[in-house]
Amino acid sequence: LISIEVMRALRLGALVAAALARPTASAVTMRALSSRATMRPALYRPALAVRMSSVGGDMSIPMTCQTKIQEGLSAEEVKVEAAFDDPNGSHIAIYCVASAFEGKSAVQRQQMVYKHIWEEMQGAVHAVDGMVLKTPAEAASS
């Protein structure tokens, strides 16, 4: 019997050999095919979140996002927390109360928030795991 790992290695070897045989295979394709053999589950690298922050090094990623949302939307209340016990903030959850959300749909509200944290979404923040966006009237009634 052949183990699954051996079968995968054989199949990967055939893919790499086929790609090498084609003179038109691009370097990107070759790197993608050859990296499959060493693929591991993605590991979080804390230094990456701090290094790619668009704000000075003393602020955490959640604090940076909170400041940008607060200033960008003139929000009454903003809370940005690292989700899943991630102190560096690659996953964040956002709670925001702003009068700018009046008359906007849920998608439009999310777009308004994402606009202000777009730089962080390109590197330091991997995902927004939760977003609660309310107008002051909605927040008062709940």
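**A three-stranded sheet, its helices and its core**

In this predicted model, helix H5 lies across strands E2 and E3, and its direction runs at about 120° to that of E3. The strands beneath this helix belong to an open sheet of 3 strands, ordered E1-E2-E3, in which the pairing is mixed. E1 and E3 are the edge strands of this sheet, each pairing on one side only, and neighbouring strands are turned against each other by 10° on average when direction is ignored. Between E1 and E2 the pairing is antiparallel and extends over 6 bridges, and one of the residues concerned, Val78, has Cys96 in E2 as its bridge partner. Helix H4 also packs on the sheet, where H4 touches E1 and E2 and makes an angle of about 160° with the direction of E1.

The side chains can be followed next. In soluble globular proteins, nonpolar side chains tend to be buried together. The largest nonpolar core here holds 20 residues, of which Ile69, Leu73, Ile92, Ile94, Cys96, Phe101 and Val113 touch the most other members. At least two residues of this core come from each of H4, E1, E2, H5 and E3, and the largest share, 4 residues, is supplied by H4. Ile69 illustrates these contacts: leaving aside neighbours within four places in sequence, Ile69 is in contact with Val78, Val80, Ile94, Cys96, Val113, His116 and Ile117, and also with Ser74.

Ser74 leads from the core to the loops, since this residue is found between helix H4 (61–73) and strand E1 (77–82). With a relative accessible area of 55%, Ser74 lies above the 50% limit and therefore counts as exposed. Its phi is near 50°, a positive value in a residue other than glycine, whereas most residues other than glycine have a negative phi.

A second loop, between strand E2 (91–97) and helix H5 (106–116), contains Ser99. Ser99 is classed as partly exposed because its relative accessible area of 40% falls between the limits of 20% and 50%. Although Ser99 and Leu73 are 26 residues apart in sequence, their C-alpha atoms are 8.3 Å apart in space, and beyond its neighbours within four places in sequence Ser99 is in contact with Glu76 and Pro136.

Thr135, finally, is found in the loop between strand E3 (127–134) and helix H7 (136–141). Its relative accessible area of 3% is under 20%, so Thr135 is buried. Not counting residues up to four places away in sequence, Thr135 touches Val97, Ala98, Phe101, Glu102 and Arg109, and of these Phe101 is among the core residues that touch the most other members.

Note on methods: Residues are numbered from 1 along each chain as its sequence is written. This is a predicted model: local features need pLDDT of at least 70, side-chain atom pairs count only at pLDDT 80 or more; totals for chains, interfaces and linings use all residues. Side-chain values use heavy atoms; hydrogens and water are left out. Buried means under 20% relative accessible area, exposed over 50%, partly exposed in between (1.4 Å probe, protein chains only). Contact means heavy atoms within 4.5 Å. A nonpolar core is a set of buried Ala, Val, Leu, Ile, Met, Phe, Trp, Tyr and Cys residues joined through side-chain atoms within 4.5 Å. Two strands pair if DSSP finds at least two bridges between them. Axes are lines fitted to C-alpha atoms, for helices over the stretch in contact, and angles run from 0 to 180 degrees between N-to-C directions.
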